[in-house]
Amino acid sequence: MDSRTKGKTVMEVGGDGVAVITLINPPVNSLSFDVLYNLKSNYEEALSRNDVKAIVITGAKGKFSGGFDISGFGEIQKGTRKEPKVGYISIDIITDLLEAARKPSVAAIDGLALGGGLELSMACHARISTPGAQLGLPELQLGVIPGFGGTQRLPRLVGLTKALEMILTSKPVRAEEGHSLGLIDAVVPSAELLTTARRWALDIVERRKPWISSLLKTDKLPPLGEAREILKFARGQTRKQAPNMKHPLMCLDALETGIVSGPRVGLEKEAEVGSQVISLDTTKGLIHVFFSQRGTVKVPGVTDRGLMPRKIKKVAIIGGGLMGSGIATALILSSYPVILKEVNEKFLEAGIGRVKANLQSRVRKGSMSKEKFEKTMSLLKGSLDYESFRDVDMVIEAVIENISLKQQIFADLEKYCPQHCILASNTSTIDLNKIGERTKSQDRIVGAHFFSPAHVMPLLEIVRTNHTSAQVIVDLLDVGKKIKKTPVVVGNCTGFAVNRMFFPYTQAAMFLVERGADPYLIDSAVSKFGMPMGPFRLCDLVGFGVAIATATQFIENFPERTYKSMIIPLMQEDKRAGEATRKGFYLYDDKRKAKPDPELKKYIEKARSISGGNVDPKLVKLSEKEIIEMTFFPVVNEACRVFAEGIAVKAADLDIAAIMGMGFPPYRGGIMFWADSIGSKYIYSRLDEWSKTYGDFFKPCAFLAERGSKGAPLSAPVEQARSRL
Ligand SMILES: CCC[C@H](O)CC(=O)SCCNC(=O)CCNC(=O)[C@H](O)C(C)(C)COP(=O)([O-])OP(=O)([O-])OC[C@H]1O[C@@H](n2cnc3c(N)ncnc32)[C@H](O)[C@@H]1OP(=O)([O-])[O-]
Ligand SMILES: NC(=O)c1ccc[n+]([C@@H]2O[C@H](COP(=O)([O-])OP(=O)(O)OC[C@H]3O[C@@H](n4cnc5c(N)ncnc54)[C@H](O)[C@@H]3O)[C@@H](O)[C@H]2O)c1
């Protein structure tokens, strides 16, 4: 393969007159422009050759295709590749050359057919698949729309309602379901895939099987009036669920056009919309997230050394509280045998009970069978001492946040665990070097920072000290992948990446409220921006105990830039500690529904008198845009410090940490990506101005000042930014 080209297709014509075209572009046979143009040439040849009667398309190495090569969108966005004429691939190649050909095509699908991959197969005249293959149109998740005819062919094959469900949720279906839906014509074992597909193609030629063009099917479409109602409902839902994104509605436009005006006009609309969405900011953000999420496992100096992950056969967890039980759940769900250690029988029982409850909730929701529940629970064993730790490969400590207790535990672990055993702590704030101070095992001490609830939240911060060995990080990255977390490797500091970046977020909100801003307007603006909830609602959810403990760490470690508000401590004195006590910034009813509390004013006023601040008329009347800037620019400022200190190796890792750890909206690309979309110069100038008026809490750090003064991107690696200065 030419090093400049990305992927290819090969065509082999058999003695039976079937040309088998194989998509080859490892690892997922994505449809790059090279693959698509090769496919076109193969088709032209196959159609012109007299010895070819029919065509089979398949993918190399057990995967049909993961869809259009996503990096192609990036090239178009950056202007490094010219976009082909609108509709060239979907209409000229896939529809007019392939589907309208006088020789039939059959798709032989192994493994997966996603996005453009499934769309290509839907233009074939039949689809044969192996069991378990995944079939889906996940384009909306990337900010684009199915652009190779999927908005037209999927509703015609599976019906409008199912097509909308598959497109709007981006969730694939398995081959078996695809078969019952009419998307797949036959499911056969892998070994029979190609022979069945060849025979099917010849049967079509000989009219023993129907020659079906998906685009011309109408039997699955509802009558026009009903279709319009279904689409109206889908639009309403989409507006509610994705209010800040345009592309899902644009996708519905293409679907509707096809139903109202016919598939050809629909294809044209799809091509037009497909081209427009590529330049949306939300699309740029989502594509950045796709690659950044996969990039977190690439750690320079660690994963490029040829180290292989060691097999972790057994894990021990110390502490079966909120976090320990969640971590145990995540591990047994991925088939790791786990020992859970507690201080006494009562606490052990409670810890095991929490794991059980986590799994039982799956059984109730129907996502886990009773047998699977029993099998999974059987992987968990309780313990009150370290005797059973003698053959564990990894320990995760999750006891209360107390340095001397953790130090004692790690000293004990060194005595009982085998020498190769990884010693991880789930501490949120304590310096890992201090935790390991009483051991000689600093090279195998690492942070495994999960987020609550640990069996649900997708992020795992892997915290390395200067002593943690590369092998230990490689091992933990592998465990992270196996338990379906997105791991981000970060350095050792107070709060690591996520908590550290976001501590100014709550503090900024407290500052604004003390100076006269309305907390409920702040929460509303932040939710509209795309966070799952605002800072006050979040404090209530986390509980004031945790909020105070975390704030104490930051006040101690970063006193010069911590805004010390008394609002939360004052409320806690009155036994208002958040949602758990039914009173915090909001009042909660039996169904945990939050409603504003007029009494809150009292605490705000008292806190204001303690801090000596005044109501600022400008801050009373902040617009939503100003609220977002004043709460998130301090987060950007801290993210810059984290990046400049090397706590994160890449700015993109901070983007993923913010999205997966704090719920920062993915379509904004993450905290640093979002900051760069606004511009470092503007962010710097705003923070600089506020710091002069309101104090050092807002003061831009040296890194931001340097880049902001020149307008250099914040996410560029240090050398690259310098070269642009
Ligand atoms: C006009 C166009 C119209 C069309 O309708 C649009 C589309 O089709 S949009 C597309 C619609 N399709 C989708 O949205 C599917 C997106 N892909 C996926 O969901 C998962 O990758 C998949 C399930 C396929 C495999 O999961 P897994 O086994 O856990 O593996 P993994 O996830 O770790 O990926 C392994 C490597 O493959 C890479 N790569 C993967 N796909 C693509 C791609 N399409 N392109 C390029 N690269 C791709 C990925 O970056 C990674 O690279 P690296 O350098 O090793 O880091
Ligand atoms: N709560 C969160 O949101 C969160 C998030 C990330 C990390 N963390 C960190 O996770 C750790 C645990 O937090 P948590 O919220 O689960 O606390 P928790 O109080 O719910 O649980 C701690 C458990 O540890 C047990 N324990 C204490 N000493 C022990 C010992 N010597 N051996 C065995 N068990 C012992 C206690 O009995 C208790 O059940 C802390 O370091 C915390 O900072 C917490």
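**View 1. Cysteine sulfurs around Cys421 and Cys701.** The sulfur of Cys421 lies 4.2 Å from its closest cysteine sulfur, that of Cys417, and this is too far for a bond. The structure is a predicted model, in which local features need pLDDT of at least 70 and side-chain atom pairs count only at pLDDT 80 or more, while totals for chains, interfaces and linings use all residues. Residues are numbered from 1 along each chain as its sequence is written, chains are lettered from A and ligands numbered from 1 in the order in which they are written, and side-chain values use heavy atoms, with hydrogens and water left out. Cys421 is buried, at a relative accessible area of 0% (buried is under 20% relative accessible area, exposed over 50%, and partly exposed in between, with a 1.4 Å probe and protein chains only). For Cys701, the closest cysteine sulfur belongs to Cys640 and is 5.0 Å away, again too far for a bond. Cys701 is also buried, with 8% relative accessibility. A disulfide is a covalent bond between the sulfur atoms of two cysteines. Here it is assigned to a pair of cysteine sulfur atoms within 2.5 Å, and a search of the whole structure finds zero.

**View 2. Surroundings of ligand 1.** The shell holds 25 residues, and the closest of them are Gly116, Glu119, Glu139, Arg294 and Lys298 (a residue is near a molecule or strand if one of its heavy atoms lies within 4 Å of it). Polar contacts are pairs of N or O atoms within 3.5 Å; within protein, one atom must be able to donate a hydrogen and the other to accept it, and residues adjacent in sequence count only if both atoms are side-chain atoms. The side chain of Lys298 places an N or O atom 2.7 Å from an oxygen atom of ligand 1. Two backbones also take part: a polar backbone atom of Gly147 is 3.0 Å from an oxygen atom of the ligand, and a backbone N or O atom of Gly66 is 2.9 Å from a nitrogen atom of the ligand. On its own, ligand 1 has 1000 Å² of accessible area, of which the protein covers 71% (Shrake-Rupley method, 1.4 Å probe; for residues, only the protein chains shown count as cover). Elements giving two or more residues to this shell are β5 (112-114), α4 (116-123) and α12 (281-295), and α12 gives the most, with three. Helices (H or I, at least four residues) and strands (E, at least two) are DSSP runs numbered from the N terminus. The shell comprises 14 nonpolar, six polar and five charged residues, where Ala, Val, Leu, Ile, Met, Phe, Trp, Tyr, Cys and Pro count as nonpolar, Asp, Glu, Lys and Arg as charged, and the others, Gly among them, as polar.

**View 3. Surroundings of ligand 2.** Of the 22 residues around ligand 2, those that come nearest are Met323, Glu342, Glu401, Lys406 and Ser428. Three side chains make polar contacts with oxygen atoms of the ligand: Glu342 at 2.5 Å, Lys406 at 2.6 Å and Asn426 at 2.9 Å. The protein buries 79% of the 830 Å² that ligand 2 exposes when taken alone. Two or more shell residues come from each of α13 (322-333), α16 (403-416) and β15 (445-450); α16 supplies the largest share, three residues. By class, the shell has eleven nonpolar, seven polar and four charged residues.

**View 4. The span 315-339.** An unreviewed UniProt entry lists residues 315-339 as "transmembrane region"; UniProt positions are given in the numbering used here, feature names are shortened, and annotations may be inferred rather than shown by experiment. In the model this span is 48% helix and 24% strand, and its end C-alpha atoms are 6 Å apart.

**View 5. Leu140 and Ser121.** Leu140 sits in the loop between β7 (134-136) and α5 (150-158) and is buried, at 8% relative accessible area. Its C-alpha is 6.5 Å from that of Ser170, with the two positions 30 residues apart in sequence numbering. Ser121 belongs to helix α4 and is buried at 0%. A polar atom of the Ser121 side chain lies 2.7 Å from the backbone oxygen of Leu118.

**View 6. Ser524 and the span 495-588.** The unreviewed UniProt entry gives residues 495-588 as "domain: 3-hydroxyacyl-CoA dehydrogenase C-terminal". This span is 61% helix and 3% strand, and its end C-alpha atoms lie 30 Å apart. Ser524 is found in helix α20 (residues 519-529) and is partly exposed, at 29% relative accessibility.
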